[in-house]
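Me: I am new to reading protein models, and I would like to go through this one slowly, asking what lies behind each word. Could you take my questions in turn?

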Amino acid sequence: MEAFVTDTMALVLWLEKRKMPQKTRRIFEKVEKSETLLYVPAMVLAEVGYLSERRRIEIRLDDIATYLTKYGNILTHAMDTEMVRTAFEINDIPELHDRLIAATGMLLGYKIITNDPHIAASKFVSTVWD
């Protein structure tokens, strides 16, 4: 089965029903039809909590938790020592939280759904957005 890793803004844009490219929208639709696996890095959960607390996004951590339990093919991916080590191998993404999200994609071997230009330009991961 096809699988992807999502970054924070991709998941937020989807759940807030904001504008996103058709290809990306189709991936999330396939996830909700149980045709595609989606991994949500633990860092995405932390970032949603932080952004929500700062009122920079409408979605709250509870909304993400509800969404995750609704679909059995959406899996959270825990942060562990291997992920942190891998994140520090990714030397072409400046922000730590983005490195941790990229490390999840790198370790799992899946494309990352992201519109972040630093992650998209990284030589360590493959991304999808258009």
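Me: Leaving aside its neighbours within four places in sequence, which residues is Thr6 in contact with?

Reply: In this predicted model, Thr6 is in contact with Leu11, Phe28, Leu38, Tyr39, Val40, Pro41, Val44, Ile101 and Ile113, once its neighbours within four places in sequence are set aside. Thr6 itself is found in strand β1.

Me: What makes Thr6 count as buried?

Reply: A residue is called buried when its relative accessible area is under 20%. For Thr6 the value is 0%, so Thr6 is buried.

Me: How do you know that β1 and β2 are paired, and which way do they run?

Reply: Two strands pair if there are at least two bridges between them, and three bridges join β1, residues 3-6, to β2, residues 37-41, so the condition is met. The two strands run parallel, and within this pair Ala3 stands opposite Leu37.

Me: What is the order of the strands in the sheet, and why are β3 and β5 said to stand at the edges?

Reply: The sheet is open and has five strands in the order β3-β2-β1-β4-β5, with parallel pairing. Strands β3 (74-77) and β5 (127-128) each have a single partner strand, so one side of each is left without a neighbour in the sheet, and that is why they are placed at the edges.

Me: Which helix lies across β1, β2, β3 and β4, and at what angle to β1?

Reply: That is helix α6, residues 96-108, which runs at about 165° to β1. Angles over 145 degrees count as roughly antiparallel, so with this value α6 is roughly antiparallel to β1.

Me: Why is α1 called roughly perpendicular to α2?

Reply: The axes of α1 and α2 (residues 22-32) come within 11 Å and cross at roughly 75°. The range for roughly perpendicular is 65 to 115 degrees, and the crossing angle falls inside that range, so the name applies to α1 and α2. Where these helices meet, Ala10, Leu11 and Trp14 in α1 are in contact with Arg25, Phe28, Glu29 and Glu32 in α2.

Me: What length does α3 reach, and how do its buried residues come to line one face?

Reply: Helix α3, residues 42-53, has twelve residues and reaches 17 Å from its first C-alpha to its last, which is close to the 16 Å expected at 1.5 Å a residue. Its buried residues are Met43, Val44, Glu47, Val48, Leu51 and Ser52. Seen down the axis of α3, these buried residues fall within an arc of 165°, so they line one face of the helix. What covers them includes β1, α1 (8-15), β2, α4 (61-70) and α6.

Me: What makes Arg55 exposed, but Ser34 partly exposed?

Reply: Exposed means a relative accessible area over 50%, buried means under 20%, and partly exposed lies in between. Arg55 has 76%, so Arg55 is exposed, whereas Ser34, at 44%, falls in the range between and therefore counts as partly exposed. Arg55 is placed in the loop between α3 and α4, and Ser34 in the loop between α2 and β2. For Ser34, phi is near 60°, a positive value in a residue other than glycine, and the phi of Arg55 is likewise near 60°.

Me: How do you know that Lys17 is exposed?

Reply: Lys17 has a relative accessibility of 71%, and the cut-off for exposed is over 50%, so Lys17 counts as exposed. Lys17 lies in the loop between α1 and α2.

Technical notes
Residues numbered from 1 in each chain as written. Predicted model: local features only at pLDDT ≥ 70, side-chain atom pairs only at ≥ 80, totals over all residues. Heavy atoms only, no water. Helix = DSSP H or I, 4+ residues; strand = E, 2+ residues; numbered from the N terminus. Contact = heavy atoms within 4.5 Å. Axes fitted to C-alpha atoms, helices over the stretch in contact; angles between N-to-C directions. Expected span 1.5 Å × (residues − 1). Buried < 20%, exposed > 50% of the residue type's maximum accessible area, 1.4 Å probe, protein only. Arc of directions from axis to C-beta. Parallel < 35°, antiparallel > 145°, perpendicular 65-115°, else oblique.
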